[in-house]
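Trainee: I would like to take a close look at a single part of this model, and I would be glad of one connected answer.

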Amino acid sequence: MSSKLIAPSLLAADFANLQRDIEMVNQSEADWFHIDIMDGVFVPNISFGMPVLEAIGRHAKKTLDVHLMIVDPDRYIKTFADLGSNVLTVHYEACPHLHRTLQAIKAEGMKAGVSLNPHTNISLLEDTINDIDLVLIMSVNPGFGGQSFIENTYEKVKQLKALIERKGASTIIEIDGGVTNKNAKALVEAGADVLVAGSYVFKSETPIETIKDLRALANS
Ligand code: DX5
Ligand code: ZN
């Protein structure tokens, strides 16, 4: 992928001013909206569900990158397609029939993503990498924004990049958790294509500038 992408995570937005924050992202140089769906079972937190995603979809003018931190995601693939999701990412750890799940996501016209928790080894994707459009490497334990970046992520990105090249796959690599101007450049150098940033963007006094600077750093 030539241009490296920035995906602000709406989990860190002000939910009482969600439309304002969505418009900010629309007007910024951000590429995607990252949307975190948590069920309180796969992760120890509940974020928001379908009615909120429907409302986001009415205002968001960029790619909807939906990250499902839920058990049994197969039940909701069609629903998330109908709500306008462009990329649908499920967790490796939540999918006993991952290959089938990937086919079902693509059959609904979406890009198929697979996310790996920090403890999940890259080698487990050996047999599915050619069927995966995007791998999302968790650089924190999923469930909460605002956590510290796990340094071992760089090594995982390099391993994943090597696997993609060895298999001749066209999979892109997304990083999620603790992304800031301190690690963006090194992540891209390791092989990342898309950087998710929640707190770093939405806690900024000047989020449009922060997105612009992060994007410039990722593409420098
Ligand atoms: C965590 C979510 C992330 C989160 C990132 O489970 O998947 O997308 O919003 O937030 P920051 O950038 O604050 O770590
Ligand atoms: Zn996420």
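Which are the buried residues of helix 8?

Mentor: This is a predicted model, in which local features need pLDDT of at least 70, side-chain atom pairs count only at pLDDT 80 or more, and totals for chains, interfaces and linings use all residues. Residues are numbered from 1 along each chain as its sequence is written, while chains are lettered from A and ligands numbered from 1 in the order in which they are written.

The buried residues of helix 8 are Pro-207, Thr-210, Ile-211, Leu-214, Arg-215 and Ala-218, where buried means that 20 or more other C-beta atoms, placed from the backbone, lie within 10 Å of the residue's own (12 or fewer is exposed, and in between is partly exposed). Helices here are DSSP runs of H or I with at least four residues, strands are runs of E with at least two, and both are numbered from the N terminus.

Seen down the axis of helix 8, these buried residues fall within an arc of 130°, so they line one face of the helix; the arc is that of the directions from the helix axis to the C-beta atoms. What covers them includes strand 1 (5-8), helix 1 (18-27), helix 6 (184-190), strand 8 (194-197) and helix 7 (199-202), with contact meaning that two C-beta atoms, placed from the backbone, lie within 7 Å.

As for its length, the twelve residues of helix 8 (residues 207-218) should span 16 Å at 1.5 Å a residue, and its end C-alpha atoms are 16 Å apart, which agrees; the expected span is 1.5 Å times one less than the number of residues.

Elsewhere, Asp-36 is found in strand 2 (residues 32-38) and counts as buried, with 24 C-beta neighbours inside 10 Å, while Asp-176 lies in strand 7 (residues 172-176) and counts as buried with 25.
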